[in-house]
Amino acid sequence: MAREDSVKCLRCLLYALNFLFWLMALCVLGVAACLRDHLNNVLTLTADTRLEEAAILTYSPVVHPIVIAVCCFLIIVAMVGYCGTLKCNLLLLSWYFGSLMVIFCVELASGVWTYDEPMVHRSDMISLKSRMPHFGLQRYQWLTHAWNSIQTELKCCGVIYFTDWLEMTEMEWPPDSCCSNQYPGCARHVHYNDLSDLHQEGCGPKIYSFIRGTKQLQVLRFLSVSIGVAQILAMTLTVTLLWALYYDHKPPEAASPDPQTPNPREEQPKPNHSHPRVAEAWANTPPNGHTQIEMEQLA
């Protein structure tokens, strides 16, 4: 009974851990998708600079296709682990254990890679001004989209201040993406009326903070550590469950004969040799002729 209760407890814990794997893997995929779009815009603005190398060093481990594939694979592994725990199947549980071990090694390498310190300084932000003269040109639509996305999402304008647009380009006012309340022609209206409606902070310091690490990156690091700890616990419980199901199960011992139980052979009636005809028939009858002797006795 104690062994059955232990197995039931192990199965319940594995059910909970597999459900936790699903939730955390989905959270990692969602946060990584949000960071990937933002990272693409930053890489567009910082192309061929030290900022690009620092951004890749910081964020590639968490938005790399391999990491995304590992999270998707973890969802499948959790489903297999759930089925193996439900059916107590040795093959499924063994495959589940091996898959968790491989995923854990990949996540450990990714975590070590993520904590590398990027070599970037605030003075490198000035290199972003070289991207500003191409804003709005037909052949640089991708750069225009990146600037508008960065200024809208980060609520910033220019590199250091919104006047960078007036210094580095032939524009008379900043882009509309610098407005707090965006609408077509808002920057022109704000430029001639109230400059306080423009984003006052430059995008350079915010891009620098993004490269150094954001809250989303910290969340991904926390989720990675949590998944790693949960995987270690799941692998330990899986090995324990396999041992409880297959290696700790002893075959039942053969029951010893009870001395009080009568032997069926002893209960068989012995032939009565007192009658001369019966004695003569018993002597001349082969071993398989007991039925005929009994018939003669009845006669």
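**Exercise 1.** Are tryptophan 147 and tryptophan 165 buried or exposed, and what kind of aromatic pair do tryptophan 147 and tryptophan 165 form?

*Solution.* The structure is a predicted model, and the solutions below should be read with that in mind. Begin with the surroundings of the two side chains: tryptophan 147 is buried, and tryptophan 165 is buried as well. Next, turn to the rings themselves. A pair of aromatic rings is described by how far apart the centres are and by the angle of the planes. A search of the whole structure finds eight aromatic pairs, and one of them joins tryptophan 147 and tryptophan 165, with 5.2 Å from centre to centre and 70° between the planes. Because an angle over 60 degrees counts as edge-to-face, this pair is given that description. Finally, place the two residues in the chain: tryptophan 147 belongs to helix 5 (residues 141-154) and tryptophan 165 to helix 6 (residues 164-168), so the pair ties together parts that are 18 residues apart in sequence.

**Exercise 2.** Locate cysteine 88 and lysine 155, and decide whether each is buried or exposed.

*Solution.* Start with the backbone. Most residues other than glycine have a negative phi. Cysteine 88, however, has a positive phi near 55°, and for lysine 155 the value is likewise positive and near 55°. Then find the segments: cysteine 88 sits in the loop between helix 3 and helix 4 (90-114), whereas lysine 155 is found in the loop between helix 5 and helix 6. The last step is accessibility, where buried means under 20% and exposed means over 50%. Cysteine 88, at 18% relative accessibility, therefore counts as buried, while lysine 155, with a relative accessible area of 55%, is exposed.

**Exercise 3.** Classify isoleucine 66 and isoleucine 56 by accessibility, and state which surface patch includes Ile66.

*Solution.* Take isoleucine 66 first, which has its place in helix 3 (residues 65-87). Its relative accessibility is 52%, so isoleucine 66 counts as exposed. Together with Val102 and Val106, Ile66 makes a nonpolar surface patch of about 250 Å². Isoleucine 56, for its part, lies in helix 2 (residues 50-63), and its relative accessible area of 37% makes this residue partly exposed. To complete the picture, compare sequence with space: isoleucine 56 and leucine 43 are 13 residues apart in sequence, and their C-alpha atoms are 8.1 Å apart.

**Exercise 4.** Which residues form one aromatic cluster with Tyr15?

*Solution.* Looking for the partners of Tyr15, one arrives at Phe19, Trp22 and Tyr82, which form one aromatic cluster with Tyr15.

How values were computed:
Residues are numbered from 1 along each chain as its sequence is written. This is a predicted model: local features need pLDDT of at least 70, side-chain atom pairs count only at pLDDT 80 or more; totals for chains, interfaces and linings use all residues. Side-chain values use heavy atoms; hydrogens and water are left out. Patches are made of residues with over 30% relative accessible area and no salt bridge: like charges are joined within 9 Å, nonpolar side chains (Val, Leu, Ile, Met, Phe, Trp, Tyr) within 5 Å. Accessible areas come from the Shrake-Rupley method with a 1.4 Å probe; for residues, only the protein chains shown count as cover. A salt bridge is a side-chain nitrogen of Lys or Arg within 4 Å of a carboxyl oxygen of Asp or Glu. Helices (H or I, at least four residues) and strands (E, at least two) are DSSP runs, numbered from the N terminus. Buried means under 20% relative accessible area, exposed over 50%, partly exposed in between (1.4 Å probe, protein chains only). Rings of Phe, Tyr and Trp (its six-membered ring) pair if their centres lie within 6.5 Å; planes under 30 degrees apart count as stacked, over 60 as edge-to-face and the rest as tilted.
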